[in-house]
Amino acid sequence: QGQPERLSGLGVPLAERDYPHRNPVFRLRLAPGEQTTVYLRAESVGSLGVNSQLWSSTAFASHSVSSSAMLALYCGLMLGLGLYHVLVASLFRDRNYLVYGSHLLLFTLAIIAFSGLGGRYLWPGAGEWGTRLLPFGLTAANACGLLLLRDLFIDKRPNTWRVLANVLVLSSAVLALSSLILSPAWVSSTVPWLAMSSTLFAIAILLRAVRRKLPAARTFLCG
């Protein structure tokens, strides 16, 4: 007798998942020594990694609590750090603090979406729309990070480095908005190229800043 299809994953509303968890989890009831065949079908518009493992209910509950607690602690620290920089920016009218705080907050949003904590606790009914917050958070955080590097380590007078920085910042901002509107498949295929270009550009900018002995350049490069 066939078993009914059961769903789980980031794009599935929490109420429709086979088990209410941040990760794809399915209930299996097996008698001692019982052998059975389980078919698993996984789909994703981006990169996909599937790790299948059998747990007893007690062991899984313990693992779930500890892993979720560590993730929540990390996200909480990042959220607090981001809000701190935004507060400092409002007190001292410092744009760099605001940009850096926004970078941290948007990156934290991406982590919450990617880890499944958002779909489990913050937007359980969002379904497919909730998966869009991951590329949005990453690309928007990328735009803020590049903007910060531009303002700290590139001369304000017109030059090639500043033009390249502006192009990457604008591309990141456009892709962030597109992730909320356009096909997730198209956005997911574009994000890796933007990430690679931004990383190479950031390394080049920081190496140039180190050679020019600009303050904090070594700290940013090592971080």
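Student: In what order do the elements of the protein chain run from the N terminus on?

Tutor: They run α-α-α-α-α-α-α-α. The chain has 8 helices and 0 strands, where a helix is a DSSP run of H or I of at least four residues, a strand is a run of E of at least two, and numbering starts at the N terminus. By the way, this is a predicted model, where local features need pLDDT of at least 70 and side-chain atom pairs count only at pLDDT 80 or more, while totals for chains, interfaces and linings use all residues. Residues are numbered from 1 along each chain as its sequence is written, and side-chain values use heavy atoms, with hydrogens and water left out.

Student: What does the C-alpha trace span along its principal axes?

Tutor: About 75 × 35 × 30 Å. As for contacts, meaning heavy atoms within 4.5 Å, take those in the chain with a separation of 6 or more: residues 24 or more positions apart account for 59% of them.

Student: Why are α5 and α6 called roughly antiparallel?

Tutor: Helix α5 covers residues 133-153, helix α6 covers residues 160-178, and they pack at about 160 degrees. Angles run from 0 to 180 degrees between N-to-C directions, with axes fitted to C-alpha atoms over the stretch in contact. The labels go like this: under 35 degrees is roughly parallel, over 145 roughly antiparallel, 65 to 115 roughly perpendicular, and the rest oblique. An angle of about 160 degrees is over 145, so α5 and α6 come out as roughly antiparallel. Their axes are 8 Å apart.

Student: What is the handedness of the crossing of α5 and α6?

Tutor: Left-handed. That name is used if the near helix is turned anticlockwise from the far one by less than a right angle; clockwise would be right-handed.

Student: Which residues meet there?

Tutor: From α5, the list includes Phe136, Ala140, Leu147 and Asp151; from α6, it includes Arg162, Val169, Ser172 and Leu175. By class, the contact of α5 with α6 has 11 nonpolar, 4 polar and 3 charged residues. Nonpolar means Ala, Val, Leu, Ile, Met, Phe, Trp, Tyr, Cys and Pro; charged means Asp, Glu, Lys and Arg; the others, Gly among them, are polar.

Student: And what makes α5 and α7 roughly parallel?

Tutor: Helix α7 is residues 184-211, and α5 packs against α7 at about 20 degrees, with axes 11 Å apart. About 20 degrees is under the limit for roughly parallel, so that label fits α5 and α7. This crossing is left-handed. Among the residues that meet are Pro135, Leu149 and Phe153 in α5, and Val191, Phe201 and Ile205 in α7. The contact of α5 with α7 divides into 12 nonpolar, 3 polar and 1 charged residues.

Student: How do you know that cysteine 144 has no disulfide?

Tutor: A disulfide is a pair of cysteine sulfur atoms within 2.5 Å. The closest cysteine sulfur to that of cysteine 144 belongs to cysteine 75, 18 Å away, so the two are too far apart for a bond. The search of the whole structure finds 0 disulfides.

Student: Why does cysteine 144 count as buried, and why does cysteine 222 count as exposed?

Tutor: Buried is under 20% relative accessible area, exposed is over 50%, and partly exposed lies in between (1.4 Å probe, protein chains only). Cysteine 144 has 15%, so it is buried. Cysteine 222 has 73%, so it is exposed. Of the 223 residues in the chain, 35% count as buried.

Student: What is odd about the phi of lysine 213?

Tutor: Lysine 213 has a positive phi of about 60 degrees although it is not a glycine. Lysine 213 lies in the loop between α7 and α8 (217-222), and its 73% relative accessibility makes it exposed. Alanine 216, in the loop between α7 and α8, has a positive phi of about 70 degrees and is not a glycine. At 42%, alanine 216 falls in the partly exposed class.

Student: What makes proline 20 partly exposed?

Tutor: Its relative accessible area is 38%, so that class fits. Proline 20 sits in the segment before α1 (57-92). Leaving out residues up to four places away in sequence, proline 20 touches Leu14, Arg27 and Arg120.
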